[in-house]
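User: I should be grateful for a close look at one part of this protein, namely its aromatic ring pairs and the charged groups placed over rings. Please give a connected account.

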Amino acid sequence: MKIKSLIVGLLASVALATANDLVCSQDTAAYKSTDNTAATLQGLIDKASESGVPVVNLSPGQFILSADEPVVLRDGVSLHAAGSGEAPTVFTGPKDANRTATIKVPATNVGWSIKGFVFDNVNIEIEPHANGDESSVLGNLFLNGGRGSVIAYSGENLFIDGNVFLRDYEHRGIELIPKNETTNAGVVFQTQKSSVISNNIFGMDLRKLDDVYPHVSRQVQSVLTSLRFVQQCLGRGLDDQQGFIASGVQLYFSNDITIKENIMNGTLPDTIIYGQDHAISIVGSNQTYIYQNFFGGWQLADFGGAARFTSAVDGYVISNYLANNAIMMYAAVHADFMQVSNMVVANNFFYKFLGKNMAPEEELDGWLYEGVTFFDFYTARLNYTIRPPIWNSSVPVSPWGWHIVISNNKFGAIEGEDPNVISLGNLDIQEALVDKKNCYVTNPLVPGSSMGSVVPTVWRQTYEPGIFTRHGGKVPKAFDVHTNKELGHEVPAHLRNLPIPDFWKAFTLLNDTVPMMDPNAPCV
């Protein structure tokens, strides 16, 4: 996607060496009001709109907002925090976890921006519009936020950059099989187009804030300083675990969306079970560009994984770091069309460090939730006439998957665990473009095999009888799947040769026992 203009970050104070360097010297009296000040904020916005003043600059302090009284950002008005970092402006919503205050942006407001605030259980809803002017949500901290911290309906040219999206246990997803009304996300796009989500953090363990701080932009560092101010100076009593976010991003029927350079860091549901969705959920969408992100904390399961495409066209997943995560491509009836076509998964790093304690049930293990997976549920359920789907080698071949490209990805695993493979599910083999550049950087699935470091593919749940890995896993039956074609041209020109960002250096996962592996490691 071509960005029409440059997003300029917050002009913050000089960044601290770490967020822990914050000293609570500022008088916090301006943050102690308990009165509902929604009418005051609305009055400032209304006056600016009537007077032709383009920006309402709000001084450090607190505005108390109500779920029953949405604030409307009137025509021609933007909201900016005059302070930031160590002196934020805070919008505080209801304490009730089932209610959220809202700032609404009407369709008639053009070219607006919201920049530099702390949203404490307050979200932004953007009404449907057809104007082509760029709007932006920049450098804000979102704590909780109902169905989504930023929700955009049928609009375009929205830029969401440099924000931090957190969610605590009280505001977690409850339903283990979530529906649209029971899930939650940092950003929700409904029929949105030509928009960018970049340079954000979705979910965090606050105990690791200073590990993350050096690896993010100055704009995000300013937001993390505001987070530390809220935590330490205002004494908000934030939970350490702030990754109970079902999804970082949810896209429904979107077109031309870029998701780049974000940290997706959910709370893994290994000891605390809650309703996850997917780090990025893409339903019925076209032209989705996902690149240079870090993914961790989502389980490998039907509701989990780094990114799940459900009936999608033109999807590009390039140069991401996936910590025990996967890219899933499913054909199903969730969308208004069926096919999964022209999908390119290239130059990513898949690092597996969880074993049987977080594996799917045996029937599905080893092919439905692998590092890269295709599966046509519709056909496997005989056009939705049976339930559950056919999970074995008799599953019908899909007529809905076309041109699936998987190239030049690296796979690794900690000692004692089998690395992931590539699962083509019930894809028509003629539609698979998988090269031998997909390789292992740690011990291969079967050391000493004729495939060497090349990542095996499993197709239609077919395995070699009586042959097992060092750790007891199944070995995919060899099919003549790999292509000798050069697949580099399948990656759009502006996404070629992108490095994987250093976000991974901030994380030591599996209860602080497993540091992340360098994605530049060579194939074995």
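Analyst: The account below begins with the whole chain and then turns to the aromatic rings.

The model is predicted, and its average pLDDT is 91, with 93% of the residues scoring at least 70. Residues 1-15 require caution: their pLDDT stays under 50, and the model has 31 contacts for them beyond four places in sequence. Where pLDDT is low, the predicted coordinates should not be read in detail.

The protein contains 5 helices and 39 strands. Its radius of gyration is 23 Å, close to the 24 Å that the globule rule gives for 524 residues, so the protein is as compact as a globular protein of that length. Along the principal axes, the C-alpha atoms fill a box of roughly 75 × 45 × 40 Å. Of the 524 residues, 62% are buried. Among contacts with a separation of 6 or more, 75% join residues 24 or more positions apart. The accessible surface amounts to about 19800 Å², and carbon and sulfur atoms contribute 50% of that area.

Within this framework, the structure holds 25 aromatic pairs. One of them joins Phe377 and Trp391 in an edge-to-face arrangement, with 6.1 Å from centre to centre and 90 degrees between the planes. Phe377 belongs to helix α4 (residues 377-380), whereas Trp391 lies in the loop between α4 and β31 (401-407); the pair therefore ties together parts that are 14 residues apart in sequence. Phe377 has a relative accessible area of 12% and is buried. Trp391, at 11% relative accessibility, likewise counts as buried.

A further pair is formed by Tyr378 and Tyr384. Their ring centres are 5.4 Å apart and their planes meet at 35 degrees, so this pair is tilted. Since buried means under 20% relative accessible area, Tyr378 is buried at 19%. Tyr384, with 28%, is partly exposed. Tyr384 also takes part in a contact of another kind: the charged end of Arg381 sits over the ring of Tyr384, at 4.1 Å from its centre. The ring of Tyr384 thus has Tyr378 as an aromatic partner and the charge of Arg381 over it.

Elsewhere in the chain, Arg460 lies over the face of Trp459, 5.3 Å from the ring centre. Finally, ring pairs link seven phenylalanines into a cluster, namely Phe63, Phe91, Phe117, Phe119, Phe142, Phe165 and Phe202.

Key
Residues numbered from 1 in each chain as written. Predicted model: local features only at pLDDT ≥ 70, side-chain atom pairs only at ≥ 80, totals over all residues. Heavy atoms only, no water. Phe/Tyr/Trp six-rings, centres within 6.5 Å; stacked < 30°, edge-to-face > 60°. Helix = DSSP H or I, 4+ residues; strand = E, 2+ residues; numbered from the N terminus. Buried < 20%, exposed > 50% of the residue type's maximum accessible area, 1.4 Å probe, protein only. Lys NZ or Arg CZ within 6 Å of the ring centre and 35° of its normal. pLDDT = per-residue confidence, 0-100. Contact = heavy atoms within 4.5 Å. Rg over C-alpha atoms; globule rule 2.2 N^0.38 Å. Areas by Shrake-Rupley, 256 points an atom, 1.4 Å probe, with all protein chains shown as cover.
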